[in-house]
Amino acid sequence: MGNEATGFRARIQKFGGVLSGMVMPNIGAFITWGLITAMFLKTGWFPNEKIAVLIDPMLKYLLPTLIGYTGGKNFYGDRGGVIGAAATMGVIVGSDIPMFMGAMIMGPLAALCMKQVDRLFEGRVKPGFEMIVNNFSCGILGIFLVLAAFFAIGPFVQVLNHVMSAGVNVIIDHGLTPFASIFIEPAKVLFLNNAINHGILGPLGITQAAEAGKSILFILEPNPGPGVGVLLAYTFFGTGTAKKTAPGVAIIHAFGGIHEPYFPYILMKPQMILASICGAVSGNFIFQMFNCGLVATASPGSYFSVLAVAPKSDYLPIIAGMLVSTAVSFGVGAFILRLCRDSDEEALQKAVAKKAEGTGGVGRIGAQEVIDFTGKVIKKVYVACDAGMGSSAMGASILKDKAKQAGLDIEVKNVAIPNLPADVDVVVTHESLTERAMRERPEAVHISVDNFLSSPKYDEIVKKLTEAKNPLPVLKKENIKVTDQPKTKEDAIHMIAQMLLKDGYVTESYENGMLLREKENPTNLGNGIAIPHGVLEAKKEIKASGIAALIVPDGIVWNDETVRLVIGIAGADQEHLSILSNVALTLNEEEAVRKIVDGRDADELYHILTK
C-alpha cells in the first residue's frame, strides 16, 4: 500500500513538474510584464499611456507563445518547441482571453505529434532530402494543429477557463479565499509548490489581472510569512541542529524567496504544518479584507519580490498581511514546539524512518544508501528538484564548493528533474523526489538527501569521488598467494573470488559468474595455467578491473590437465588486457610456469604480470 501511495505521489509530482516546467524557464518574461504593468499602467507608479500599450500584447501573445515553445521543447527539443509555438498561436487567436492553459496543452501535444510523424519517416528518407522532408512535415503538421487549436482546443479551454474562473469567483465572493491555504500549505511541503503557483493559480490569476489589474491568487502561494514564522519558532524554541540551522534558512527564505528549505522543518515535526496553515490563512484574511492583489506572479516568493509586483495602492496592506502571517505562524509554531519537547534530532529520525516505511525506503527505490563510485567514471553530478531553481541551486552551490576544495574536476549543476541530461552520472535529489528522478534517468546513480542545505551526504559524495579519483591498482602484490589449499578448481575459483571481493573489485555475486563460465567454456589454457573469469552477464558485478593469482605447487586437476598457476580476472574495461598479453608472451612455455611454481616465486610472477 505504501509503494502505491508513493507511486501516486510521484505521478502527481511529475504532472506538476510538467506544468511548472513550462512556466519556470520563462519567469523572467513574466516578471518583465509584471513590472511594466506595475509601473506604467494608469494605476501604476509611473503612469504612461504610450508604454502601457505593451501590456496587452505581451500578456496575450508573448507569454503564451513562450509557454507553448518551452512545453514543446521539453518534450521534443528545438523541433518540438517550434511546432509547439506555432500550434499555440491557434489557441491565442481563437480566444479572447490570455491562453496560458491552451499553451500548456498545445505545446506538449504538438511536440508529441511531431515526434510521431518523424518516426513515420525514420529510415525512409533518401539522403539529401532530409532537410526538405523535415521542414515540410513540420509545416504541414503545423497547419492541422493550428486549425485544431483555433476551432476546437481554444474554444474548449475558453469554456473551461470560464468555469474555473467562475468557481474561483464563487470562492472569493463567499469570502473563502483565505481557506485555500488549508490545501496549499500541505501541498507545498510535498514539493508541489511550483505546480500550484505556476500551473494553477498563475493562469487563473492572470485572467483576473487582465480584467481587474491585479489578483489575490498571485499572493496565496508566494507569501513567505508562514515559512519564515515556522523557522523563527525553531530559532527561539527549537533544539539541536534545527535550532542552529533555522536562522540561516529563515534569511534565505525571507529575502531569497526560496521556499523548499523550510519544508524539512515541517517534515521533522508534522504538527508544525498547523503553524504554516494558520499563518497563511491569517495573512489571506488581511489580503481579502483590503482587496489586495498582485499584478503578476511573484517568483521567487520573498518579501521583496512580492512587493515588486504589488500595485502602489496595496503596499501597506500587503506588508501587513505578510507580517501577520509571520507572527501567527511563529506564535502557533512556538506553542507546538514547547508542547512537544522531543528533541528535533529524534523527531527527524522518526520522520525519516516513517517516511522510509511509507515509501519502501530509499534503498528499495534504488537510491544509494551507501555511496559507492568504485569502477565508475564520474564527470557530471546534478542536484535536481522540481523546478531546478531554488533548493537545488543551493545544494549544487554547496556541493560544487566542496568538490572544488577537494580538487575534483567534475561538473556540478542544478536542474529540474524533467530536464536531467541523458549523460548525467550522479543525481542528487530530496528523498521525496528520488523516485521521480529515477524514472527520468534510471541508469544514473541516485542519492537522496533529507535537506538540500545541510545534508552530510555532500561530504560523503566528495569523499567517495576522491577515492574513485585514485582507483585500485589492477593487481596488488598481496593478491598473489602460494598455497596448496585448493583441492578442486571450484576451491581455486572461490579463493580467487574472495580475494577480489575483499579489496572491492567485485561483488559477492561475481563468483557465480566465474563458476558459470567454467561450466560453459573451461578456462584452462595449457602449460599448467588457468584463467577463470566471469560470463559476460557478470560484468555488472565488477566494480573495478582486478586480478588475483594462486601458485599451487601440488597442482589441481582442471578438466583434463593439471593446473599449477591460476590467474583470476575481473575485467571492467581494457586495463586487464595488457596483463593478459604479458601472460601470453612470458608464460607461453611450460618451463616458464614450472620455474615460477617450483620456486614458489610470487615476486617474479608479480613482476611478469605488471611489467
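In which sense do strands E8 and E9 pair, and over how many bridges? Here are a few notes to help you find your way around this predicted model.

1. **The E8–E9 pairing.** To take that opening question: strand E8, residues 546-558, runs antiparallel to E9, and nine bridges join the two. If you would like one place to look, find Ile 556, which stands opposite Val 563 in E9.

2. **The turn between them.** E8 and E9 make a hairpin, with two residues separating the strands. While you are there, have a look at Asn 559 in this turn, where phi is positive at about 60°.

3. **The other partner of E9.** Strand E7, which spans residues 529-530, also pairs with E9, this time in the parallel sense and over two bridges. On the E7 side, Ala 530 has Val 566 of E9 as its bridge partner.

4. **How covered E9 is.** Strand E9 covers residues 561-570, and eight of its 10 residues are buried, which leaves the strand mostly covered.

5. **Cavities.** Searching the whole structure turns up four cavities of 30 Å³ or more. The largest cavity has a volume of about 60 Å³. Among the residues lining this largest cavity are Val 23, Phe 30, Phe 100, Met 104, His 198 and Thr 297.

6. **Who builds that lining.** Three helices each give two or more residues to the lining of the largest cavity: H2 (27-40), H5 (100-121) and H7 (181-212). Of these, H7 gives the most, with four residues. Sorted by class, the lining has eight nonpolar and three polar residues, and no charged ones.

7. **Aromatic pairs.** The structure holds seven aromatic pairs. One of them joins Phe 179 and Phe 285 in an edge-to-face arrangement, with 5.6 Å from centre to centre and 90° between the planes. This pair links distant parts of the chain, 106 residues apart: Phe 179 sits in the loop between helix H6 (130-173) and H7, while Phe 285 belongs to helix H12 (residues 273-289).

8. **Are the two rings of that pair buried or exposed?** Neither label fits. Phe 179 counts as partly exposed because its relative accessibility is 35%, and Phe 285 counts as partly exposed because its value is 34%. Both values fall between the 20% limit for buried and the 50% limit for exposed.

9. **A ring cluster.** Finally, it is worth turning the view to Phe 236, Phe 237 and Phe 330, which ring pairs link into a cluster.

Definitions and conventions: Residues are numbered from 1 along each chain as its sequence is written. This is a predicted model: local features need pLDDT of at least 70, side-chain atom pairs count only at pLDDT 80 or more; totals for chains, interfaces and linings use all residues. Side-chain values use heavy atoms; hydrogens and water are left out. Buried means under 20% relative accessible area, exposed over 50%, partly exposed in between (1.4 Å probe, protein chains only). Two strands pair if DSSP finds at least two bridges between them. On a 1 Å grid over the protein atoms alone, a cavity is a set of points where a 1.4 Å probe fits but cannot get out, and a pocket is an open set with protein on both sides within 12 Å along at least five of seven lines; lining residues have an atom within 4 Å of a point. Grid points are joined across faces, edges and corners, and a volume is the space filled by probe spheres set on the points. Ala, Val, Leu, Ile, Met, Phe, Trp, Tyr, Cys and Pro count as nonpolar, Asp, Glu, Lys and Arg as charged, and the others, Gly among them, as polar. Rings of Phe, Tyr and Trp (its six-membered ring) pair if their centres lie within 6.5 Å; planes under 30 degrees apart count as stacked, over 60 as edge-to-face and the rest as tilted.
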